[in-house]
Each structure stands twice: as structure tokens, then as C-alpha cells.
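Visitor: I would like a close look at one part of this model. Please take me through the packing around a single aromatic pair, then set it against the rest.

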Amino acid sequence: MESAREFRLNNRESQAKEAQVRLFNSLGAALFETGWNTDSPQYLLELIAAYIAAEHGIIATESAGKLNIVATKGQTLPQGTRVPMLGIFASLLKYPVKFKAHQYQGSMFWTYTPSDADQEYLIPIAIGQQSVGLIALSGQNLQLSPHELITLQSISGILGLALKQASSMSAEDKDLTVIEHLTPREREVFALLPSGLSNRELATKLGISAGTVKIHVERVLSKLNLRDRTQAAVKAYELGYRA
């Protein structure tokens with residue numbers, strides 16, 4: 001007959017395995033059923049943070065010697081921030097990358113001042129031994145079990161493959177994926193930008209106010225990461241909108 005201590009340990013191990021199965025099922029659904037899109041990094045970060053009860057976290061992709069933050073949770077630098085790959089980051093992501101979760105404290109991702117009770121884990125995202133990004137997780141008294149560390153290392157490998165697949169998409173495919181996130185009205189405005197019509201003229205054509213058109217244009221620029229109206233008009237033309 002097992003002791004109370006053995007029962008608690010077995011129960012804890014069983015719960016950990018069930019949590020792992022739920023996590024990988026959710027990851028599988030997100031990556032292979034729904035498909036990768038611009039919201040995927042944020043969704044995956046929320047899943048990972050919930051799995052280990054992390055209060056703060058980021059997913060960052062590597063590009064041109066910098067880490068670009070693509071998903072955030074808690075008190076972090078804002079999404080879109082580019083962080084130089086210096087110090088601990090350069091060390092962790094230097095080729096050949098080792099699939100290992102590194103316990104650390106006080107990296108430059110957080111907007112709060114870590115206390116002695118705060119623990120941070122940095123997990124490289126890599127394909128083979130080539131880094132493509134980083135997962136950072138932090139929280140008060142955050143202590144990961146060996147089982148959780150192995151799970152996170154496995155997830156980083158899956159995420160690396162997903163990021164590689166996403167980067168191999170053609171530029172047009174990426175643009176079309178982003179356009180799917182425009183509202184129907186924003187898409188109407190976007191499609192008419194190559195016409196060169198003013199906000200007032202677009203408003204008359206669409207039966208809305210010029211102020212509303214201006215708001216839609218600003219949202220289109222933000223969602224498509226475009227610099228100005230002219231760049232948006234060129235992009236719309238390239239995608240086949242011939243207003």
C-alpha cells in the first residue's frame with residue numbers, strides 16, 4: 001500500500017502529465033488546424049505562461065542581430081520593440097545553440113524591477129543549432145520542475161519549425177494573411193486607396209463621414225505596418241486592387 005507521500009507525488013506527476021497533454025493538444029490545434037497567423041505567437045505565449053503560471057513573458061524573433069518582440073504578457077517591453085542581442089542574449093543564441101532553459105534574473109525585457117523572489121527563464125528558439133528567437137518567462141518564486149523544463153525545450157523546437165514555415169511564406173501570402181485581419185470596411189477603404197481619392201471623396205463613395213475614413217486609413221496603416229497612405233496605396237495595387 002502506497003504511503004501518503006507517494007500518493008501525493010504520484011498525483012502531482014499525473015496532474016503534470018495531464019497539463020502537458022492539454023498544452024500540446026492546444027499547440028497542435030493552433031499550429032496545424034487553425035494555421036499560423038499574426039496572432040499565433042501571442043496565443044502560444046498565453047498557453048505557455050498558463051502552463052507554468054508565469055506572470056510575465058515574451059516571445060521574440062531574431063533578425064539582423066536584434067530580437068524583435070512579437071508577443072508579450074505582463075509587465076514587459078511593448079510588442080514591436082527591438083532589443084540588441086548583447087550580453088546574455090548573445091551568449092545564449094550563439095551558434096551552436098543548445099536546447100536548454102537558462103535560469104536568469106534581470107534581463108532587459110521587463111518594465112518592473114525584479115525582486116530576489118522573481119525568477120526568470122530564457123529558452124532559445126532554434127532550428128537545428130541555429131537560433132531564430134527566444135522565449136522569456138518570469139514570475140515571483142517561479143521554479144520549474146525538470147519535467148516542465150523538458151516540456152518548454154520541446155515547445156521551443158516546435159515553435160522554431162513554425163517560425164521557419166512562416167518566414168518561408170511568400171511576401172504576398174504574408175500580406176494576404178494580414179489583410180484577413182482587416183474589418184470589411186477597412187478592406188473597402190484599403191481597396192480604394194490606389195484611386196488617389198481624398199478622404200472626403202472616399203467618404204462620399206462609401207456613404208460615411210470623412211472622419212470615419214481617416215480612422216479606417218490609420219487602422220489599415222497600423223495593421224499592415226505601413227508607413228503612410230502612399231505606401232498603402234502601392235501595397236493595395238500590388239495585391240490586385242485596381243480602383
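Is Tyr241 buried, partly exposed or exposed, and what is its relative accessible area?

Guide: This is a predicted model. Tyr241 is partly exposed. Its relative accessible area is 25%, and the buried class ends under 20%, so Tyr241 falls outside that class.

Now its partner. The ring of Tyr241 pairs with that of Phe190. The ring centres lie 5.6 Å apart, with the planes at 80°. Edge-to-face requires over 60 degrees, so this pair is edge-to-face. Phe190 counts as buried, at 0% relative accessibility. The pair therefore joins a buried ring to a partly exposed one. It also links distant parts of the chain. Phe190 sits in helix H6, while Tyr241 lies in the segment after helix H9 (229-238). The two are 51 residues apart.

Stay with helix H6. This helix spans residues 184-192, and its partner H8 spans residues 210-223. Their axes come within 9 Å and cross at roughly 90°. That crossing makes H6 roughly perpendicular to H8. Phe190 takes part here too. From H6, the contact also uses Arg185, Glu186 and Val189. H8 answers with His216, Val217, Arg219, Val220 and Lys223. By character, the contact residues divide into four nonpolar, one polar and four charged.

Val220 has a second role. It belongs to a core of 19 residues, which also includes Leu182, Leu193 and Leu221. This core lies apart from the largest nonpolar core.

That largest core has 30 residues. Leu44, Ile52, Ile59, Ile135, Leu137, Leu152 and Leu159 touch the most other members. Six elements each give two or more residues: helices H1 (4-33), H2 (40-52) and H4 (146-167), with strands E2 (66-73), E5 (118-127) and E6 (130-140). H2 gives the most, with seven residues. Take Leu152 as a sample of the packing. Leaving aside residues up to four places away in sequence, Leu152 touches Ile48, Ile52, Ile123, Leu137 and Leu144.

Back to the aromatics. The structure holds four aromatic pairs. One of them is Phe109 with Trp110, also edge-to-face. Here the centres are 6.1 Å apart, with 70° between the planes. Phe109 is buried, with a relative accessible area of 0%. Trp110 is buried as well, at 9%. Both rings belong to one aromatic cluster, together with Phe89 and Tyr112.

Key: Residues are numbered from 1 along each chain as its sequence is written. This is a predicted model: local features need pLDDT of at least 70, side-chain atom pairs count only at pLDDT 80 or more; totals for chains, interfaces and linings use all residues. Side-chain values use heavy atoms; hydrogens and water are left out. A nonpolar core is a set of buried Ala, Val, Leu, Ile, Met, Phe, Trp, Tyr and Cys residues joined through side-chain atoms within 4.5 Å. Buried means under 20% relative accessible area, exposed over 50%, partly exposed in between (1.4 Å probe, protein chains only). Helices (H or I, at least four residues) and strands (E, at least two) are DSSP runs, numbered from the N terminus. Contact means heavy atoms within 4.5 Å. Axes are lines fitted to C-alpha atoms, for helices over the stretch in contact, and angles run from 0 to 180 degrees between N-to-C directions. Angles under 35 degrees count as roughly parallel, over 145 as roughly antiparallel, 65 to 115 as roughly perpendicular and the rest as oblique. Ala, Val, Leu, Ile, Met, Phe, Trp, Tyr, Cys and Pro count as nonpolar, Asp, Glu, Lys and Arg as charged, and the others, Gly among them, as polar. Rings of Phe, Tyr and Trp (its six-membered ring) pair if their centres lie within 6.5 Å; planes under 30 degrees apart count as stacked, over 60 as edge-to-face and the rest as tilted.
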